[in-house]
Amino acid sequence: MSLQEGLICMISGKVADFEESCPHFKEDARAKQEIASRDEYNVLIKDSADTGKRFANHILDRIFAFIFMLVVFFTLGVVTEIVRPGAIDSIVDNTFLLYCMVFLIYYLYFVISEASTGRTLGKLITGTKVVTIDGEQPGFATILLRSICRFIPFEAFSFLTESQTGWHDRLSKTRVIVVKKQKIKT
């Protein structure tokens, strides 16, 4: 737009000789796709869960993972004692085995819940869920990678960067977004 001449065509650089649409305009499919992708990305970033929700997810999921571990250990203990009385003592004395079991059970908490619904119990409470950077439901392999990345030393501090996304988000190409509540039509 020029204050002296009016509407200027960006293709020809001349005063526009059309009212609704330019007859010389040819749509660039690749540019249109790039703009659509950028718009989808901007919507995803806009809908991303804030640091407060992510911190709440972190705390809640640690609590629920611990409860999940207690249930699994109790169940395994009872079953082991029924099948082989006294065998539980050798398991309890094996520190390495216990660490491996804790690691596996903690890992399974995230894999099972995020792979099936995209949400852990913490995310369910905070109204958030995991999606790919394209906004889609992540596949099982993506969730496996995302969950294993949680065990990177100091990963929890990765949220302190400017992007405010964790390494487990960046490496697995996922994001945590706020789930929009849908109104029920009556």
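1. Phe154 is a suitable place to begin. With a relative accessible area of 61%, Phe154 is exposed, since the threshold for that class is over 50%. The model under discussion is a predicted one. Phe154 is found in the loop between α6 and α7, the latter helix covering residues 167-172. The backbone of Phe154 also deserves notice: its phi is positive, at about 65 degrees, although the residue is not a glycine.

2. A second residue shares this backbone feature. Lys173, likewise a residue other than glycine, has a positive phi near 55 degrees. Lys173 lies in the loop between α7 and β2, where β2 spans residues 174-178. At 54% relative accessibility, Lys173 counts as exposed.

3. The overall architecture may be stated briefly. The protein contains seven helices and two strands. Read along the sequence, these elements follow the pattern α-α-α-α-α-β-α-α-β. The protein has 186 residues, of which 27% count as buried. Where contacts join residues at least 6 apart in sequence, 60% of them join residues at least 24 apart.

4. The interior is best approached through the largest nonpolar core. This core consists of six residues, namely Ala65, Met69, Ile105, Tyr106, Tyr109 and Phe110. Two helices, α2 (51-83) and α4 (95-117), each supply at least two of its residues. The greatest contribution is that of α4, which gives four residues.

5. Ile105, a member of that core, illustrates the surroundings of one such residue. When residues up to four places away in sequence are not counted, Ile105 touches Phe68, Met69, Val72 and Phe73. Leu70 offers a related distance: Leu70 and Ile105 are 35 residues apart in sequence, while their C-alpha atoms are 9.7 Å apart in space. Leu70 has its place in helix α2. Because its relative accessibility is 47%, Leu70 counts as partly exposed.

6. Aromatic side chains form a further theme. How many aromatic pairs does a search of the whole structure find? The search finds eight. In one of them, the rings of Phe68 and Tyr109 have centres 6.1 Å apart and planes at 50 degrees, so this pair is tilted. Phe68 lies in helix α2 and Tyr109 in helix α4, and the pair therefore ties together parts that are 41 residues apart in sequence.

7. The two partners of this pair may be set side by side. Is Tyr109 buried or exposed? Tyr109 is buried, because its relative accessible area is 7% and the class requires a value under 20%. Phe68, at 28% relative accessibility, counts as partly exposed.

8. Another pair returns to the residue of the opening point. The rings of Phe154 and Phe157 have their centres 6.2 Å apart and their planes at 35 degrees, so this pair is tilted. Phe157 is exposed, with a relative accessible area of 52%, and Phe154 is exposed at 61%.

9. Beyond individual pairs, one aromatic cluster is formed by Phe68, Phe103, Tyr106, Tyr107, Tyr109, Phe110 and Phe151. Tyr106, Tyr109 and Phe110 are also among the residues of the largest nonpolar core. A charged residue accompanies the cluster member Phe110: Arg150 lies over the face of the Phe110 ring, at 3.9 Å from the ring centre.

10. Leu144 provides a view of another helix. Leu144 is found in α6, which comprises residues 140-149. Which residues are in contact with Leu144, leaving aside its neighbours within four places in sequence? They are Tyr107 and Val111. The C-alpha atoms of Leu144 and Leu108 are separated by 9.3 Å, although the two residues stand 36 residues apart along the chain. Since its relative accessibility is 30%, Leu144 counts as partly exposed.

11. The final point concerns the largest pocket, which holds about 320 Å³ of space. Of the 17 residues that line this pocket, those closest to its centre are Arg54, Phe55, His58, Ala156 and Phe159. Which helix supplies the largest share of the lining? That share, seven residues, comes from α2. The helix α2 also supplies at least two residues of the largest nonpolar core.

Key
Residues are numbered from 1 along each chain as its sequence is written. This is a predicted model: local features need pLDDT of at least 70, side-chain atom pairs count only at pLDDT 80 or more; totals for chains, interfaces and linings use all residues. Side-chain values use heavy atoms; hydrogens and water are left out. A nonpolar core is a set of buried Ala, Val, Leu, Ile, Met, Phe, Trp, Tyr and Cys residues joined through side-chain atoms within 4.5 Å. Buried means under 20% relative accessible area, exposed over 50%, partly exposed in between (1.4 Å probe, protein chains only). Contact means heavy atoms within 4.5 Å. Rings of Phe, Tyr and Trp (its six-membered ring) pair if their centres lie within 6.5 Å; planes under 30 degrees apart count as stacked, over 60 as edge-to-face and the rest as tilted. A charge sits over a ring if NZ of Lys or CZ of Arg is within 6 Å of the ring centre and within 35 degrees of the ring normal. On a 1 Å grid over the protein atoms alone, a cavity is a set of points where a 1.4 Å probe fits but cannot get out, and a pocket is an open set with protein on both sides within 12 Å along at least five of seven lines; lining residues have an atom within 4 Å of a point. Grid points are joined across faces, edges and corners, and a volume is the space filled by probe spheres set on the points.
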